[in-house]
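Got the viewer open? Here's a short walk through the model, one selection at a time.

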Amino acid sequence: MALEVAVKAAVGAPNVLGDCPFSQRVLLTLEEKKLTYKLHLIDLSNKPQWFLEVNPAGKVPVIQIDGKWVSDSDVIVGILEEKYPEPPLATPPEFAFVGSNIFGSFVSFLKSKDPNDGTEQALVAELNALDEHLKAHGPYVAGEKVTAVDLSLAPKLYHLVVALGHFKKWNIPENLAHIHNYIKLLFSRESFEKTKAAKEYVIAGWAPKVNA
């Protein structure tokens, strides 16, 4: 039975892959494991009836494995790792939470209307910590091979680069060379090219939150 996965469709373009970083994380995992799957694009402003029947919470991503629909990207990635152990993507436990505060810091800075509220400094501190980690352990978080933590960070870093560049004309500081190298490595992977949302849809996805 082929795997089926439901992910966010693009805002205003229901037939195009959308900008949800958690959906992309699941797709990256499927691609890196070379698994065949059927993709359902869900227009979150007009959710289809079948989707709400199998998934009453209405959240994406969800995946059908062994006839059951499972939600939550953490849970999905864990199940895929267990069921399809090759190639192994599990991150060593000591590295599993590297970079885990970057996304929250990015969102706070993106939504911030006050340049002196410390949100930019908080984000830079998180990026500095990741840069130091990559300097010691890189090029990926756990060394030479891509693992689950990288596939979780890649979409979030993509959102950070696109959204902050667009809404705040802000770029990751040049001196964080290890992060710049890391981003190049991640974004050039075939799995990433295949599963990323177009920049305009990332911008469209964030616009209501920035302008709120």
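Start by selecting residues 102-111, which make up helix H4 in this predicted model. Most of H4 is covered, with seven of its 10 residues buried. Want to see which ones? Show the side chains of Ile 102, Phe 103, Ser 105, Phe 106, Val 107, Phe 109 and Leu 110: these are the buried residues of H4.

Now bring in what they pack against. Light up helix H1 (21-32), helix H5 (119-137), helix H6 (148-168) and helix H9 (199-210); the buried residues of H4 pack against these helices.

Keep Phe 106 on screen and add Leu 127. In the largest nonpolar core, which has 41 residues, these two touch the most other members. Which elements give two or more residues to this core? They are H4, H5, H6, helix H7 (177-187) and H9. H6 gives the most, with 10 residues. Nonpolar side chains in soluble globular proteins do tend to be buried together.

Next, zoom in on Leu 127. Setting aside neighbours within four places in sequence, Leu 127 is in contact with Ile 102, Leu 157, Leu 160, Trp 170, Ile 172, Leu 176 and Ile 179. Ile 102 should look familiar, as one of the buried residues of H4.

Then move away from that core to another one, which lies apart from it and has 13 residues. Val 5, Val 7, Leu 27 and Ile 76 are among them.

For the last stop, select residues 10-88, listed by UniProt in an unreviewed entry as "domain: GST N-terminal". Along this stretch the chain is 37% helix and 25% strand, and the end C-alpha atoms sit 31 Å apart.

Key:
Residues numbered from 1 in each chain as written. Predicted model: local features only at pLDDT ≥ 70, side-chain atom pairs only at ≥ 80, totals over all residues. Heavy atoms only, no water. UniProt positions renumbered as here; feature names shortened; annotations may be inferred. Helix = DSSP H or I, 4+ residues; strand = E, 2+ residues; numbered from the N terminus. Buried < 20%, exposed > 50% of the residue type's maximum accessible area, 1.4 Å probe, protein only. Contact = heavy atoms within 4.5 Å. Core = buried A, V, L, I, M, F, W, Y, C linked by side-chain atoms within 4.5 Å.
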